[in-house]
Amino acid sequence: MYSINVENLTKKFGDFTAVDHINFKVKKGEIFGFLGANGAGKTTAMKMMCGLLLPTSGNAIIAGYDMHTQSKQIRKNIGYMSQKFSLYNDLSIFENMQLFGTIYGIPRKELKDRIYASLKELKIDNIANSLVDSIPLGWKQRVAFATAILHRPQIVFLDEPTSGVDPIVRREFWNLIYETASTGITIFVTTHYMDEAEYCSRISIMSNGQLKLIGTPDDLKHRMGVESIDEVFVKFVQR
Amino acid sequence: MILKKEFIHILRDKITLLLVLAMPIALVLLLGFTISTEIRNARISVYDLSKDSYSKELVEKIIASGYFQVVSFPETESEIDRDFKNKNVKMAIIIPSNFEQLLEKEKFVTLQIISDVSDLNVASILNNYLRSVISDFEMDYNQSSTGALPFEITTKMQYNPESSSVYMFVPGIITLIMIIITALMSSITISREMETGTMRMLLITPVKKIYVVVGKVIPYMMLSFISTIFIILISVFVFKMPIEGNIGLLLFVCIIFMLASASFGLMISALVKSQLEAMMVTMMGLFLPTVLLSGFLFPLDNMPFVFQLLADVFPAKWFVILLKDVMIKGSGFREIWLYILILFVMAIVLITISLMQIDKRRKK
């Protein structure tokens with residue numbers, strides 16, 4: 001059972017091919033790391049999977065729904081979070097979660113319970129009514145993540161979720177990701193931190209719009225004959 | 001839900017709220033009391049060469065009119081010149097010597113009027129006032145003397161009998177305020193979400209794009225509607241402006257215009273990339289044409305044909321016509337449906353273009 005099944009997905013902007021016939025499959029409950037240098041085509045590929053962009057050609061089955069014909073069902077069944085693009089600063093934590101929860105059609109009563117349950121889990125239920133603007137970045141990211149999985153999606157897309165925070169907060173954030181994955185939610189994550197890539201079940205590396213490498217972190221290290229994913233990446237980019 | 005969220009945004013942003021609600025009121029009051037085409041107590045000097053009873057009577061009449069205030073009686077011609085420069089005199093009247101004699105015997109008098117035309121408007125208004133005072137004087141004189149036919153000048157002022165300037169600019173202010181709040185705010189609010197990326201969050205959710213847009217724009221439409229009501233109340237109760245037509249129709253016309261200007265804002269936000277850009281484009285592309293081409297400050301009939309055509313494209317011109325018709329002339333729906341239709345069609349076209357534009361972004 002695959003959560004994501006991408007087939008020959010291609011996106012052209014004029015003459016420029018941003019994503020060039022990529023193919024991959026992601027299993028349910030997997031933490032799939034999507035790596036690549038800036039401009040390699042990661043974001044474009046992710047935008048297509050989230051239904052923000054239409055592909056030039058190729059197809060993908062996301063959460064069991066066809067990208068071309070069932071984009072509305074896909075939207076209902078995915079969550080999205082990004083470090084840069086996340087929450088409304090002038091709304092409180094609770095209001096932010098309430099807004100997105102309502103948009104996803106969670107009944108009012110249940111929504112309230114879910115919000116408090118997830119805030120309790122994050123140990124921040126005491127500041128539910130603080131404005132997002134006033135809380136530290138690390139907390140914002142956790143709130144954003146909690147918001148993205150509030151409607152219990154099958155897949156959650158994380159676009160560089162941890163950029164700009166210190167290693168301890170990052171480690172805590174990854175604990176959260178592990179917990180979420182263990183409940184059966186598929187995690188699709190892009191990152192620039194190679195130590196984070198080591199935490200993934202499988203990773204892929206994109207370059208010039210093509211998917212060049214895919215496999216478990218150990219497998220890739222083995223193939224390239226190096227000790228860490230960092231070296232894999234550097235070696236790969238230099239080639 | 002997005003609607004509720006947008007209301008919270010607005011309420012949290014106290015400065016904007018204050019600006020949006022207080023600015024129109026301040027603007028109307030300010031303009032109402034300052035921009036006035038009426039001039040009272042204009043400073044003039046009278047160079048009276050004859051100083052007889054008739055000339056004194058004329059001067060008294062001029063003063064009694066209330067429009068003028070005689071600040072000096074120069075004794076020489078060079079003093080007149082000095083008055084213009086030193087005493088800020090707007091006009092000088094030179095009454096020839098032998099005024100009485102000329103009136104009695106020759107039946108022909110030439111008064112010389114010297115005007116300061118550095119402000120053309122003031123000069124021409126004063127000129128008109130003076131002319132009417134003089135013709136009054138002429139009438140009195142004719143009646144009291146030999147019974148020669150008194151000539152008569154009657155001007156009927158229609159729709160704005162007091163020539164009150166408030167009538168002229170209230171429709172303009174309403175138009176401006178609505179453009180600022182609805183078009184500017186809705187283009188800014190949408191481009192702000194594009195900039196911060198929260199728009200992407202919203203577009204990923206299953207919510208339809210049109211709901212996102214409508215939810216964002218409606219609160220601003222309501223705000224500008226409230227402002228409009230304030231402006232109308234002020235103009236009616238403070239400046240005694242009449243509403244000849246149906247109030248319901250007036251408000252309906254306002255809503256249609258809000259729709260058109262919100263769609264303008266929407267289209268702008270669909271074309272630009274940042275808040276700043278949205279603000280600039282709205283200011284240059286909508287605000288200026290509204291001021292210059294809506295016909296409330298500068299008459300459209302005098303403009304070159306190209307500009308008249310250009311004015312047709314912007315909703316403001318039609319709205320100003322509608323406001324004047326409904327408020328001052330008291331027109332009903334039957335007389336103005338065409339203008340309403342024009343605004344409505346504009347709104348539909350603009351909304352369609354912007355939704356297509358947003359869609360194009362996805363396909364691009």
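Start by colouring the two chains separately: chain A and chain B bury about 2,700 Å² between them, 65% of it on carbon and sulfur atoms. Buried area here is the accessible area, with a 1.4 Å probe, that two parts lose on being put together, summed over both. What you have open is a predicted model, where local features need pLDDT of at least 70, side-chain atom pairs count only at pLDDT 80 or more, and totals for chains, interfaces and linings use all residues. Residues are numbered from 1 along each chain as its sequence is written, chains are lettered from A and ligands numbered from 1 in the order in which they are written, and side-chain values use heavy atoms, leaving out hydrogens and water.

**Stop 1: the interface**

Select the chain A side. The elements giving two or more residues to the side that touches chain B are β1 (2–13), α1 (42–50), α2 (71–77), β6 (78–82) and α3 (93–103) of chain A; helices (H or I, at least four residues) and strands (E, at least two) are DSSP runs, numbered from the N terminus. Of these, α3(A) gives the most, with six residues.

Now show both sides: 31 residues of chain A are in contact (heavy atoms within 4.5 Å) with 23 residues of chain B. Looking for salt bridges (a side-chain nitrogen of Lys or Arg within 4 Å of a carboxyl oxygen of Asp or Glu)? The count between the chains is zero.

**Stop 2: β6 of chain A**

Zoom in on β6(A), where five of its five residues are buried, that is, under 20% relative accessible area, against over 50% for exposed and in between for partly exposed (1.4 Å probe, protein chains only). Turn on side chains: A:Ile78, A:Tyr80 and A:Ser82 point one way, A:Gly79 and A:Met81 the other. In a regular strand the side chains alternate between the two faces of the sheet.

Add β7 (residues 155–159) of chain A, which runs parallel to β6(A) and is joined to it by five bridges. Opposite A:Tyr80 you'll find A:Phe157 in β7(A).

**Stop 3: two residues in chain B**

Jump to B:Ser227, in helix α9 (residues 209–237). It is buried, at 0% relative accessible area. Leaving aside residues up to four places away in sequence, B:Ser227 touches B:Val20, B:Leu21, B:Pro24, B:Ile177 and B:Ile181.

Finish on B:Asn88, in the loop between α4 (77–86) and β3 (91–95) of chain B. B:Asn88 is partly exposed, at 44% relative accessibility. With the same sequence exclusion, B:Asn88 touches B:Arg43 and B:Asp83. Draw a C-alpha to C-alpha distance to B:Asp116: 9.4 Å in space, 28 residues apart in sequence.

Key
Pairing = 2+ DSSP bridges.
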